[in-house]
Amino acid sequence: ALDSDGRGDEVFGASGGQAIKGFGAELACRSKGLEITASKGSSADLKLEKVSAKLRDFDDKNRGIEGQISGDLASYYSVLANSPLRPRFEGLLKHTQARGPARVGLRLDIPLHDTDHTATAGRVAIDGAELLLTDINEPVRELRGEVTFDADGIAARKLEGRLMNQPLTGSITARKTGSALAAFWVLDLSKDAPLSKKLPEGLRSRISGNTTLRAQLRLSGADLPALVLDSDLRGLTLRLPAPLAKAAATAAPLRVVIADDPSSGPRLTADWSGRFGADLRWRLKNGKSALDAVKLRLGKDAPVFPEVLPGLSLGAVTSDLSVDDWSELADYFGGSESAFSGLPFTRANLRAARWLWRGFVLPQTLVRVQPEAKGWRVRLDGAGAEGEALWTPDHVQTLLQHLLLSRNPTPAESHDNKAIQEPGRWPAMDAEIGQLEIAEATFGTVKFQTQRVPGGQKL
């Protein structure tokens, strides 16, 4: 038998690993075996509380190492990012940052003649840490729970914390296809809630209440989507244009899926009970992703454009489409603060049983819009209107076979839209309508031209 003590100011791990400082260890040889026990040392701001390495028999082909380490989660992240364990924690490292106290129990089973097949297992005890969700730049505070990891992946029975001052509970499931964090969170959009204040001003007054959101975040496994969000939105009141309006008691399931493709870039798809759908794609350029193509659908029968064109595409099939209500939201979808700002408009295919504008109704009409060199070409087909218009910022040229506008028996509340109220903002118009009917009045064939003059238009 042989016992020995070892001390060192700095000891380096194999293959250029992290240095262990202030190292202290005891070595014991017994019969045919060897045991090394360390009770002090630190590496990358992590404290080694106890580490033991055992070789029960010199003829044994495996060496086992067990350890207890404590420190800040930020230091663990740094070590993981530069260790062979990185692929197992890739999703966690990519979508989160962490700080706060944690203790790790670690076991390594190392084949002496095949170290590339080292088996790793352990558990991480978290008590009051902070986990930053980098995709939304919001921290989960007061995070507590225990995470285990082994060859099958990462797992946790129960994790608890608070996100935007609302309780969050979650678990991590390990599968052969990968590991995923599933979390339930109260989505609070009441008037003074932190999340409500992040909404664009045009939407803030239209959405209120709270609902439960389920999120699944991929931690490992290429076959799993990066992030999946699900909610029935029960509890939320949505004062939005039809068909998006919803009472708090109504369930309207929403699913959002974010997938990432290293070659083509991220993709987001959303389906909201047939009311609304979205397909957003980013392209990779110089290692960075930029939003490149957006396809939006309104109504369950809205056309799905199969090809992906750079820019913004709109499709809709709905019973009522209020021009006034949607105009109020147009600044958000196309304004300078919009996520879609800078995207060229590609096309629109919009069908409504009733187009509502001010006190008038345009019956069943399909409106198709395509960009031209300096504006848009608009094609109208249906009972309400038939023909086309060429629209530029300064001039609109219209040729219609017929245009039928009836009175709306239940007009919406008045809209304060200065662009409509001030003819000086209108483009000049050159129109010919074969058959014009407005309310009870039939005008027959109508031709008119307008010209901009100071303060308005000359008809």
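Student: Which residue in β18 stands opposite D271?
Tutor: This is a predicted model, where local features need pLDDT (the predictor's confidence in each residue, from 0 to 100) of at least 70, side-chain atom pairs count only at pLDDT 80 or more, and totals for chains, interfaces and linings use all residues. Residues are numbered from 1 along each chain as its sequence is written, while side-chain values use heavy atoms and leave out hydrogens and water. With that settled, the residue standing opposite D271 in β18 is G277.

Student: Over how many bridges do β17 and β18 pair?
Tutor: Strands here are DSSP runs (E, at least two residues), numbered from the N terminus, and two of them pair if DSSP finds at least two bridges between them. Strand β18 covers residues 276-285 and runs antiparallel to β17. The number of bridges between β17 and β18 is 6.

Student: Which residue takes a positive phi in the hairpin of β17 and β18?
Tutor: This hairpin has 3 residues between the strands. The positive phi is near 50°, and the residue that takes it is S273.

Student: What about β18 and β19: which residue there takes a positive phi in their hairpin?
Tutor: β18 and β19 also pair in the antiparallel sense, over 10 bridges, and W282 stands opposite L291 in β19. Their hairpin has 2 residues between the strands. With a positive phi near 55°, the residue is N286.

Student: Back to D271: why does its salt bridge with R297 tie together separate parts, and how many residues apart are they in sequence?
Tutor: A salt bridge is a side-chain nitrogen of Lys or Arg within 4 Å of a carboxyl oxygen of Asp or Glu, and R297 and D271 form one at 3.8 Å, N to O. R297 lies in strand β19 (residues 288-298) and D271 in strand β17 (residues 265-272), so the pair links parts whose separation in sequence is 26 residues.

Student: What is the relative accessible area of D271?
Tutor: Buried means under 20% relative accessible area, exposed over 50%, and partly exposed in between (1.4 Å probe, protein chains only). R297 counts as partly exposed at 22%. D271 is partly exposed too, and its relative accessible area is 41%.

Student: In which strand does R377, the partner of E388, lie?
Tutor: The side chains of E388 and R377 meet in a salt bridge at 2.8 Å, N to O. E388 sits in strand β24 (residues 385-391), 11 residues away in sequence, and the strand of R377 (residues 376-382) is β23.

Student: Over which ring does R275 lie?
Tutor: A charge sits over a ring if NZ of Lys or CZ of Arg is within 6 Å of the ring centre and within 35 degrees of the ring normal. R275 is at 5.5 Å from the ring centre, over the face of W272.

Student: How many contacts beyond four places in sequence does the model have for residues 6-17?
Tutor: The chain has a mean pLDDT of 81, and 82% of its residues reach 70 or more. Over residues 6-17, however, pLDDT stays under 50. Where pLDDT is low, the predicted coordinates should not be read in detail. With a contact meaning heavy atoms within 4.5 Å, the number for residues 6-17 is 22.

Methods. Helix = DSSP H or I, 4+ residues; strand = E, 2+ residues; numbered from the N terminus.
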